[in-house]
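Hi everyone, thanks for making time this morning. I'd like to walk you through one pocket and then a few charged pairs, so have a look at the picture first.

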Amino acid sequence: MKTVVITGGTGMVGKHLTAMLLNNGYRVIVLSRNPPGNSHHKALSYAKWDVENQLIDVEALASADAIVHLAGAGVADKRWSAKRKLAIQESRIKSSALLVDSLQTMNNFKVKTIVSASAIGWYGPDNDESKINGFIESTPPAKDFLGETCRLWEESITPVSNLGIRLVKYRIGIVLSNAGGALQAFRQPLRGGIATILGSGNQMISWIHIDDLCRLFMNALENNQLNDVYNAVANQPVTNRKLTLTLAKIQRGKWFIPVYVPSFLLKIIMGEMSIEVLKSTTVNNTKIRTAGFTFLYPEIEHALQQLKASE
């Protein structure tokens, strides 16, 4: 039974991945600032870490065969003040530093693989090339806040490669899940019969079903040939309009009214974060598919239908 340590294991993706790993015979240790005393599963346990004070349970780390690194303050959880932007960056950089420093100072560890989250925030808005072919992994990082955050995030975990550890980084798109995140924001107005299309609605959204995302993490743990950066997005990005209207038809049938929310209003409500909501980012997943991964939900209709059925 392989042991996987997960950082950020209490978040939306972390909980889903934990369940998937347990169902596939792994032992899971979730690092938490306030670990609960007991677990509902005999193969699941919790260990303490404190990123701010750079403290970690070294016994948990020593028992790990692999680490999945998901920790980081939620990008869309709060308005982007200067303080919040600093917290978004530091939560990622400091948590990576804690893992790197701990492994470097340990006399013995058996960690063979680290799979680290990153995000498609690495890429800026679409250009003429990406509109046609999509952004690929060799694209330089954008010069904006999220581009710089992703660059620092990826760089902060990279030193583990010098320890002989296989490192896989996933640049994750918009995750669709019943447990929270973007899908809930899209669904909320639909409860009142309103399908809210943001801005022009023409901006491309590169998305991924949470099952496929967690399968990607498992694939990285099990496929020793993976050792690089990969885009974690579905085969077919869609416009904001198509996602919204497809979801509305699945949730409400014919009983909804499309309403466009003007860009200026989003800017007033959301501040700087509205740039990301209105940004078009077309991301290419050919690299991970060429490595042998097959998506269960390559198209938006199938993904949303499955999520509706499993609510």
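Let's start with the second largest pocket, which holds about 160 Å³ of space. Please keep in mind that this is a predicted model.

Who sits around that space? The lining of this pocket is made up of 14 residues, and those nearest the centre are His16, Ser177, Asn178, Ala179 and Ile210. Three helices, α1 (12-23), α7 (210-222) and α12 (300-309), each give at least two residues to the lining. The largest share comes from α1, with three residues. If you think in terms of chemistry, the lining has eight polar, four nonpolar and two charged residues.

Now to the charged pairs. The structure has 13 salt bridges, and I've picked out a few.

In one of them, Asp228 and Lys287 meet through their side chains, at 2.9 Å from N to O. This pair ties together distant parts of the chain, 59 residues apart: Asp228 is in the loop between α7 and β13 (229-232), and Lys287 is in helix α11 (residues 286-290). Asp228 is partly exposed, at 36% relative accessibility, and Lys287 is partly exposed too, at 28%.

Next, Lys279 and Glu276 form a salt bridge, also given as 2.9 Å from N to O. Buried or exposed, what is Lys279? Lys279 counts as buried because its relative accessible area is 11%, under the 20% cut-off. Its partner Glu276 is partly exposed, at 22%.

Then there is Glu311 with Lys308, at 3.3 Å from N to O. Glu311 is exposed, with a relative accessible area of 54%, while Lys308 is partly exposed at 33%. Finally, Glu52, Glu90 and Lys94 are joined into one network by salt bridges that share partners.

Notes. Residues numbered from 1 in each chain as written. Predicted model: local features only at pLDDT ≥ 70, side-chain atom pairs only at ≥ 80, totals over all residues. Heavy atoms only, no water. 1 Å grid on protein atoms, 1.4 Å probe; cavity = no way out; pocket = protein on both sides within 12 Å on 5 of 7 lines; lining within 4 Å. Points joined across faces, edges and corners; volume = space filled by probe spheres on them. Helix = DSSP H or I, 4+ residues; strand = E, 2+ residues; numbered from the N terminus. Nonpolar A, V, L, I, M, F, W, Y, C, P; charged D, E, K, R; others polar. Salt bridge = Lys/Arg side-chain N within 4 Å of Asp/Glu carboxyl O. Buried < 20%, exposed > 50% of the residue type's maximum accessible area, 1.4 Å probe, protein only.
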